[in-house]
Amino acid sequence: MARTPRKGTHRSKKKRITLALAPVAALAVAVPLMNSAGAATPDEVAADCRADSDKLENCEFVPVGVRHNSLGPNKVVSDVTDNCGKDTPKGTGFSVTGSVTRTVQTDSGFSAGGDSKLANSFFEIGIKFSTTEFNVKRDDTKTGFSYSIDDEVKPDHVGVFMWSEKRTDVSGYLKATYKDEQDGQKVFFSPREGATDIHVFYPQLLKNGTPDGRLWMRNVKCGTPEADRLLNKA
């Protein structure tokens, strides 16, 4: 004869298993909470590195990737020539001047020069990525350029020369070593170990030592908001 299952025993066994697992689950939740207490966050690491905080023993940039021939932002590098209201082109000589230097950009968009606590690390990285094909400017001093160029401004336009430097973009993350332990450790990262969110832009130089980049004449139609901005700045 088949035996009828004993329901009471099964319920008791299931209850015992549940009670045994509960403390383990609670412990798993408690561990990360204890580990994160007092630890420097990625934002705090980035801020301490930018400020060269006294709390730091060292802060270094760890390179992960590199990309050559990255164009920088467009910059006005000459005086503005006003040819508004004229129906003929205006020939003029432009004096073009500018300079390039190494810059640092964090994942939050903060930009700074290379004269921070990270300078020694960046200098070594510059040497690493400077090749016979790509002459990378390694230090944090500026390299200037100047040209005299003849060109024409279109009728009823304002004319100006624009410049965009060629750069070697080295991406990576920050590794900060604190003087005092925080939550049992001294080393923290921003934004995280192995990330490529921090960028160090090294200007590329031509063989003669002048900055490499794109220089072009820009004509802007008079009466437009952009033309007004250029004239107001001038």
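Guide: Buried means under 20% relative accessible area, exposed means over 50%, and partly exposed is what lies in between. The model here is a predicted one.

Visitor: Why is D156 called partly exposed?
Guide: D156 has a relative accessible area of 23%. Partly exposed is the class between under 20% and over 50%, so D156 belongs there.

Visitor: What makes K221 and D156 a salt bridge?
Guide: Their side chains meet at 3.1 Å, N to O. The cut-off is a Lys or Arg nitrogen within 4 Å of a carboxyl oxygen of Asp or Glu, so the pair of K221 and D156 qualifies.

Visitor: Why is this pair said to tie together parts of the chain?
Guide: K221 lies in strand β12 (residues 213–221), and D156 lies in the loop between β8 (143–153) and β9, so the parts they tie together are 65 residues apart in sequence.

Visitor: How do you know whether K221 is buried, exposed or partly exposed?
Guide: K221 has a relative accessible area of 40%. That value is not under 20% and not over 50%, so K221 is partly exposed.

Visitor: What makes K75 and E165 a salt bridge?
Guide: The side chains of K75 and E165 meet at 3.8 Å, N to O. The limit is within 4 Å, so this pair also counts as a salt bridge. K75 is in strand β2 (residues 75–76) and E165 in strand β9 (residues 157–182), 90 residues apart.

Visitor: Why is E165 called buried?
Guide: The relative accessible area of E165 is 7%. Buried means under 20%, so E165 is buried. K75, at 36% relative accessibility, counts as partly exposed because its value falls in between the two limits.

Visitor: How many salt bridges does a search of the whole structure find?
Guide: The search finds six. Among them, D197 and R192 meet at 3.8 Å, N to O. D197, at 29% relative accessibility, is partly exposed.

Visitor: Which residues are linked in a network of salt bridges?
Guide: R218, E226 and R229 are linked in such a network.

Visitor: Why is L231 called partly exposed?
Guide: L231 has a relative accessible area of 29%. This is neither under 20% nor over 50%, so L231 is partly exposed. L231 lies in helix α4 (residues 225–233).

Visitor: Leaving aside its neighbours within four places in sequence, what is L231 in contact with?
Guide: L231 is in contact with V80, D82, C84 and V158, once those neighbours are left aside. The C-alpha atoms of L231 and T81 are separated by 8.6 Å, and these two residues are 150 residues apart along the chain.

Terms used. Residues numbered from 1 in each chain as written. Predicted model: local features only at pLDDT ≥ 70, side-chain atom pairs only at ≥ 80, totals over all residues. Heavy atoms only, no water. Helix = DSSP H or I, 4+ residues; strand = E, 2+ residues; numbered from the N terminus. Buried < 20%, exposed > 50% of the residue type's maximum accessible area, 1.4 Å probe, protein only. Contact = heavy atoms within 4.5 Å.
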